[in-house]
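Please open the structure in your viewer and keep the selection tool at hand, since this tour moves from one selection to the next.

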Amino acid sequence: MMSRKAIDVWVGFFVLIGIGALMFLALQVASDSQAFTNGAGYKVQARFENIGGLKVRAPVRSAGVVVGRVDDIRYDNETFEAVVTMTLDQRFKFPKDTAAKVLTSGLLGEQYVGLSPGGDLDDLQDGDTIKITQSAIVLENLIGQFLYSKASGDDQAPAQ
Amino acid sequence: MGFLLDFVERLGAYVNHRIARLGFAARFLWVMLRTSGTSLMRLHLTIREIYFAGVLSLIIVSVSALFVGMVLALQGYDTLVRFGASEAVGTLVALSLVRELGPVMAALLFASRAGSAITAEIGLMKATEQLAAMEMMAVDPIARVVGPRFWGGVISMPLLAAIFSAIGVFGGYLIAVVQIGVDFGSFWSQMQAAVDWKSDVVNGLLKSFVFGIAVSWIAVFEGYDAMPTAEGVSRATTRTVVISAVVILMLDFILTAFMFRGN
Amino acid sequence: MPPLVEFDNVSFAYGSRAVLKGMSLVVPKGQVVAIMGASGSGKTTVLRLMGGALRASSGTVRVFGQTLNRMRTRELYELRRDMGMLFQFGALFTDLSVFDNVAFPIRERTNLPERIVKDLVMMKLETVGLRGAAHLRPQQLSGGMARRVALARAIALDPKLIMYDEPFAGLDPISLAITGKLIRDLNDALGASSVIVTHDVQESLQIVDHVYFVSEGRIVAHGTPDEVRNSELPFVRQFVQAQTDGPVPFHYPAQRPYREELLA
């Protein structure tokens with residue numbers, strides 16, 4: 001039977017190891033996707049005809065670097081568009097004529113929002129809407145286009 | 001016709017009995033929570049139970065975690081390498097552990113080792129009239145004996161789950177990087193990109209906290225409710241392990257469905 | 001002077017099984033009272049009712065002049081401060097030492113500083129002759145020693161009512177004599193009342209002031225030890241003289257006569 005002191009030491013040791021494990025998980029294993037949302041970011045909106053497989057919490061990238069997160073995706077029944085709300089890191093400013101596109105990382109990877117900055121002198125503020133958007137590329141449409149152009153292209157094969 | 005009636009009657013009595021027992025267990029939990037002040041004020045009692053439940057489970061948790069992590073890496077690599085995605089093995093190991101295997105396996109091991117010990121201890125105290133003696137000395141046995149063991153389990157559980165996940169990841173690292181030769185940098189960076197603190201690690205911890213409450217509750221209740229005979233205590237101990245296992249897996253499904261729904 | 005314990009037409013049923021049926025008894029202050037009967041007659045239930053661990057189905061149980069039936073837990077706990085109970089096999093806390101076992105009620109119910117607690121514990125252990133065993137664990141004690149430690153624990157707070165559940169069961173002759181002597185001496189020294197539930201006739205008759213006989217949930221006889229020894233009542237005679245058959249039958253009631261069983 002251990003003395004009370006010895007038990008206290010072991011329990012303290014146990015709690016330390018537990019916290020150590022948590023720190024290991026926090027720092028070495030995981031990354032925090034909410035690092036700059038909730039306070040250190042500003043919200044902008046963008047409307048798309050088709051967002052493809054874009055999900056909430058998908059990254060917003062510019063030049064390949066993560067600069068924000070998608071917060072919310074809604075459907076506008078009046079204009080029949082998808083309304084995407086995203087939070088951008090406070091540190092990064094983008095011109096008002098920045099374009100937002102729904103892109104795919106890799107060939108079959110997850111979808112994200114890519115920002116291509118324009119040249120406007122004014123920057124996007126909290127609550128602004130990105131005017132220039134490009135929808136996601138839907139595979140079926142692509143194949144349909146290809147087949148169609150193939151068909152019409154063959155018709156117009158130069159016979160001369 | 002008589003046989004059918006007889007069967008229905010017995011079924012009804014069985015269900016009745018089960019529900020009555022569940023109700024008793026719920027009231028028991030309520031009394032235990034109400035008298036938890038003792039567990040807090042006589043902190044050394046609770047610390048003692050954290051030692052017996054948590055510290056003494058460290059070895060089995062650590063060893064199991066190491067092997068689970070190593071096996072995950074081994075099996076994961078074998079499959080991933082066929083798709084040219086061998087560098088995702090870190091992601092595979094980490095996500096499996098943090099979201100599922102860490103909390104669930106730690107809870108199952110805890111139930112078998114610490115849960116059964118708690119049930120046996122309380123059951124034996126009941127059988128040898130120690131609980132009745134305490135009552136006669138006007139000391140509430142639920143406050144003094146049951147409470148600290150319950151809270152000791154609840155506190156130990158998340159810590160054990162975190163330790164399980166951490167050691168498991170390390171085991172995966174040992175096999176994938178050190179043994180097989182997956183790139184050190186890719187292993188960790190891909191893992192970090194895929195594992196999210198809030199939605200993966202924290203959710204896993206939340207799970208283990210819920211498991212901790214469930215297992216500790218089952219363990220103390222079965223002990224307290226055991227028949228005060230040798231056979232009764234032995235049966236109660238078995239019940240703790242079996243019921244805990246089923247409840248853990250059920251809760252795991254429910255929690256996973258809530259937490260990890262398609263985003 | 002009102003009696004310390006008073007049972008007034010008390011009945012108790014366990015589920016549908018009636019254990020006590022209209023039992024009445026009194027325990028005057030300063031006396032040692034024995035409750036005797038065959039196994040399963042309801043003796044231990046009487047102790048439980050006295051201690052408030054069970055509630056009577058009907059009738060009144062009064063201890064220290066207060067009715068137990070409607071008492072709330074807090075009041076009951078206060079009442080128990082003046083009661084001590086010795087369980088059949090001691091019921092010592094196996095994770096504590098002998099010293100800590102005896103100190104338990106003192107530490108839990110009072111705020112006395114440790115050095116006074118130590119003095120009290122040593123005093124109680126000295127009374128039962130086990131001061132030298134203070135550092136031992138319950139697992140290291142013999143049955144008789146364990147019971148003596150439990151006795152020291154039961155009197156730790158100088159109770160006014162001490163209850164004994166089969167204190168003589170399974171003891172060797174020396175321990176038997178020691179236990180009997182302790183029960184009597186402690187009772188007189190503390191000015192308390194003691195209730196002994198037992199079926200050890202010889203030892204009890206030597207130390208008690210009054211005896212109650214319980215059979216099938218009722219008091220069937222009672223009196224002083226002398227009255228009991230000279231009683232003409234069949235039940236008492238069977239008990240005192242250890243006769244194998246009488247009002248308490250040898251045969252457990254069977255479905256049909258033996259003759260029929262053999263010839264079937």
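Begin by selecting helices H3(C) and H5(C) in this predicted model, and turn the view until you can see that H3(C) passes H5(C) in a right-handed crossing. To find where the two helices touch, show the side chains of Val98(C), Asn101(C), Val102(C), Phe104(C) and Pro105(C) on H3(C), together with Val149(C), Ala152(C) and Arg153(C) on H5(C). When these contact residues are sorted by class, six are nonpolar, one is polar and one is charged.

Two packed helices are described by the angle between their axes and the distance between the axes. Here, H3(C) and H5(C), the latter spanning residues 143-154 of chain C, pack at an angle of about 30°, with their axes 8 Å apart. Angles under 35 degrees count as roughly parallel, and H3(C) and H5(C) are therefore roughly parallel to each other.

Next, keep chain C in view and add chain B, where the contact takes 15 residues from chain C and ten residues from chain B. On the chain C side, you can select helix H2 (73-80), strand S6 (83-86) and helix H3 (98-109), each of which supplies at least two residues. Which helix gives the largest share of this side? That share, four residues, comes from H3(C). By class, the side of chain C that touches chain B has ten nonpolar, one polar and four charged residues.

Finally, select chains A and B, whose contact takes 24 residues from chain A and 27 residues from chain B. If you colour the chain A side of this contact by class, you will find 14 nonpolar, five polar and five charged residues.

Technical notes: Residues numbered from 1 in each chain as written. Chains lettered and ligands numbered in written order. Predicted model: local features only at pLDDT ≥ 70, side-chain atom pairs only at ≥ 80, totals over all residues. Contact = placed C-beta atoms within 7 Å. Nonpolar A, V, L, I, M, F, W, Y, C, P; charged D, E, K, R; others polar. Axes fitted to C-alpha atoms, helices over the stretch in contact; angles between N-to-C directions. Parallel < 35°, antiparallel > 145°, perpendicular 65-115°, else oblique. Left-handed = near helix turned anticlockwise from the far one by under 90°.
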